[in-house]
Structure formats: C-alpha cells, structure tokens
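Thanks, everyone. Let's go through one fold together, starting with its helices and then moving to the sheet.

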Amino acid sequence: MGEEQEPLLKVRELKKYFDVSEKGIFKKEKKLLRAVDNLNFDVCEGETFGIVGESGCGKSTLGKMITQLIEPTEGIIDFDGKDLNSLSEKKLREKRKDFQMIFQDPSSSLNPRMRTFDIIAEPLLNHNVSTNNNDLNNRVLELMETVGLQKQHAYRYPHEFSGGQKQRIGIARALALNPKLIICDEPVSALDVSIQSQILNLLKELQNKFSLTYIFIEHGFPAVKYISDRIAVMYLGKIVELGTKNQIFNNTKHPYTAGLLSSIPIPDPEMRAQKKRIVLKGETPNPVNPPSGCYFHPRCPFATEICKNEQPPFEEHEKGHFFACHNPLITKGDELLNV
C-alpha cells in the first residue's frame, strides 16, 4: 500500500446511541446507551483492519452500521468516495454489491429451509446477476469450489454440514457479488480451534486472489494478530488504541490493550512466570452511565486524578499509532517497563 493511497473506507465522528429510557406513564429522564461513541478511522484498499475488544464494546454495532444494517445516530461512513448515509435507497442498493458481511454464527446466519445452492445464488438473483440458469449454475459451483466445498454439497441443507462447512457457505455467499470490502464479524469464534486456522487461511487466500479488503472483528487477539495489518482496540464504544500489528504488540501504549494482551495464554511455564502482566479488575461499566473522565479509569492500575476528571484525546503520537491515554505505558519489545 502506498502512503498516498486514498482510503477505501473513511469513518468520521460515527455514533450510535440507543434510547433505553423506561416506558410508561411515570417516565424518568431519557437514557441513552452509547454503543458506538465518536469513532474516526480509515481502511485502505487491500488491507485487513482488525477490531478487538470485550463483548459489548460496540464492535458488531460498528460492523452493522458500515454495512447499513442499522442507521448511525451521527457521523459519516464514506465508502469508495460515497457517503453511504446520504445515498438514496436505489443507489445504496447498487452500492451494497461492493460490501458484504460474514456473520459470527453460521448456524443462525443460514436459512435452514434453503439448500446450499439457493443460499449462494440468492444475492446473485436479488441483484440480477447471472440470471441465466446456466450462468447461475456455473457461478454457484465456482464459488463452492473456491471456498473448498464439493459439487455434491450443492443440494444439502445447512443442518447436514459441520460448523466449518457452514462458514464456508457464508463466505461463498459473501463473495458472490465480487465485493471490495468484507466485514468479518467474529467469523471463527463459534468454531473449534482446529477449524479456526483453516477458515483464517482460507480468508487470507481469498484476499490475495481477489484483492479483498477486510474489517476483521474479534473479541480476542490471537486470530486478529494472525490476519490483520492494523488493529483498533475498542472499549465502551470508543477506540482507545490504533496502530500497525507491530505497534500494538511491541509498543503497547494503552493499559487496556496491555490487559487484553496479558490474557493471551502462554504455554511455556517459565516464560509465563517471567512475563509482566496487567490483570484487569472489575467489570466493564454500564454504557448507559459511563464513568467521568477516561472510561477505563475505574479498572486501570495507572489511573491518576486527571484520568478521573478529563477524557483523554484520541491522537496520533507517532506515525500511524493513535491512542487515548493520560499515562501511556513504556514498552521495550514485549516487556512493560513501568509495571
């Protein structure tokens, strides 16, 4: 990727608030759940942009907004030079061919009453692509072969497949319209560990073959580290750190990022004993009533008075490395020096 390359996707001041106020005669004050709170980032063509964070941090909500499955409260989603929020229904429908989604649970994302052939053919028929029966048949079988499925699988139902095979069907469906961007919403978290590596390798192969751009969403680091070029770490609706894979893993700045990295199991007991760790205590605060100042300060071992009172700005501190922290960590390699 060239340094001057125009991003394929630009997200600016993106917010999604849900009204969770109590209903009834005796209404109390309005309550908003800040699922996504003022996000700014770019995704370049051909890269894999990883998003990681605990459950409930807003990762999946972000993915659904980008694919226009839900409308944002505020902000701009500029995809391939077009603000998706401002497009008419007709133009948005045409643009949808360029971005697709792979869902977390293949069992619930596939229609149990449809055969494999019909599931993969559905987007082609909906967008009037390959309407000729012979072309449609050839295209579906080609997609099945591309993702590692056999021809005899075409007329089987989802319940006749394993979890990995179901996810391959979902991937084939996402590829059907030759998209530029695919949002992968925890695509391997519901699979056995042995199958996860197969699906991750398949996604890498497809990216190289079709010049795809991925947004790869996961709640843990191992899969994200393997597949991503850059990584954004989310906490309570906000991005707290963003950088290249090397910056996130070898020059960690935010204590929350360090806490997530510390949770990765280390098989070697001697290395495990030597490694300094940050253990996150407590639970994620209620997004309806977030803490003052830095949202992470109640769980942060390095929090000071300023953290309780002032929200740190999300800024670029070195080329490509952004974070929001008043007391960033000092690291050398994978060692934390100020722990």
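Which handedness does the crossing of helix 4 and helix 5 have? Right-handed. Before I go on, a reminder: this is a predicted model.

So, helix 4, residues 116–126, and helix 5, residues 133–146. Their axes come within 10 Å. They cross at roughly 115°. Look at who meets whom. Helix 4 brings Thr116, Phe117, Ile120, Ala121, Leu124 and Leu125. Helix 5 answers with Leu136, Asn137, Arg139, Val140, Leu143 and Met144. By class, that contact has nine nonpolar residues, two polar and one charged.

Now turn to the other partner, helix 6, residues 163–175. Here the axes of helix 4 and helix 6 come within 7 Å. The crossing angle is roughly 25°. Angles under 35 degrees count as roughly parallel, and helix 4 and helix 6 are therefore roughly parallel to each other. This crossing, too, is right-handed. From helix 4, the contact takes Thr116, Ile119, Ile120 and Pro123. From helix 6, it takes Ile169, Ala172 and Arg173. Those residues divide into five nonpolar, one polar and one charged.

Notice Thr116 and Ile120. Both meet helix 5, and both meet helix 6.

What is buried in helix 4? Thr116, Phe117, Ile119, Ile120, Ala121, Pro123 and Leu124. Their cover includes helix 5 and helix 6. Keep the general rule in mind: an α-helix has 3.6 residues a turn, so residues three or four places apart point the same way. One more detail at this end of the story. Just after helix 4, Asn128 takes a positive phi, about 55°.

On to the sheet. Eight strands form an open sheet, with mixed pairing. Read the order with me: 6-7-8-3-9-10-12-11. Strand 6, residues 99–102, and strand 11, residues 315–318, stand at the edges. Each has a single partner strand, so one side of each is left without a neighbour in the sheet. From one strand to the next, the twist averages 20°.

Let me zoom in on strand 8, residues 213–218. Which strands flank it in the order? Strand 7 and strand 3. Strand 7, residues 181–185, pairs with strand 8 in the parallel sense, over five bridges. Asp185 stands opposite Ile217 there. Strand 3, residues 48–52, also pairs with strand 8 in the parallel sense, over five bridges. In that pair, Thr48 stands opposite Tyr214.

Is strand 8 mostly covered or mostly open? Mostly covered: six of its six residues are buried. In a regular strand the side chains alternate between the two faces of the sheet. Here, one side carries Thr213, Ile215 and Ile217. The other carries Tyr214, Phe216 and Glu218. Both faces are covered, and Glu218 is among the buried residues.

Which helix lies across strand 8? Helix 7, residues 193–210. Helix 7 also lies across strand 3 and strand 6. Against strand 8, helix 7 runs at about 160°.

Further along the sheet, look at helix 10, residues 255–262. Helix 10 lies across strand 9, residues 230–235, and strand 10, residues 238–244. Its angle to strand 9 is about 105°.

That's the tour. Questions, please.

Conventions: Residues are numbered from 1 along each chain as its sequence is written. This is a predicted model: local features need pLDDT of at least 70, side-chain atom pairs count only at pLDDT 80 or more; totals for chains, interfaces and linings use all residues. Side-chain values use heavy atoms; hydrogens and water are left out. Two strands pair if DSSP finds at least two bridges between them. Helices (H or I, at least four residues) and strands (E, at least two) are DSSP runs, numbered from the N terminus. Axes are lines fitted to C-alpha atoms, for helices over the stretch in contact, and angles run from 0 to 180 degrees between N-to-C directions. Contact means heavy atoms within 4.5 Å. Angles under 35 degrees count as roughly parallel, over 145 as roughly antiparallel, 65 to 115 as roughly perpendicular and the rest as oblique. A crossing is left-handed if the near helix is turned anticlockwise from the far one by less than a right angle, and right-handed if clockwise. Ala, Val, Leu, Ile, Met, Phe, Trp, Tyr, Cys and Pro count as nonpolar, Asp, Glu, Lys and Arg as charged, and the others, Gly among them, as polar. Buried means under 20% relative accessible area, exposed over 50%, partly exposed in between (1.4 Å probe, protein chains only).
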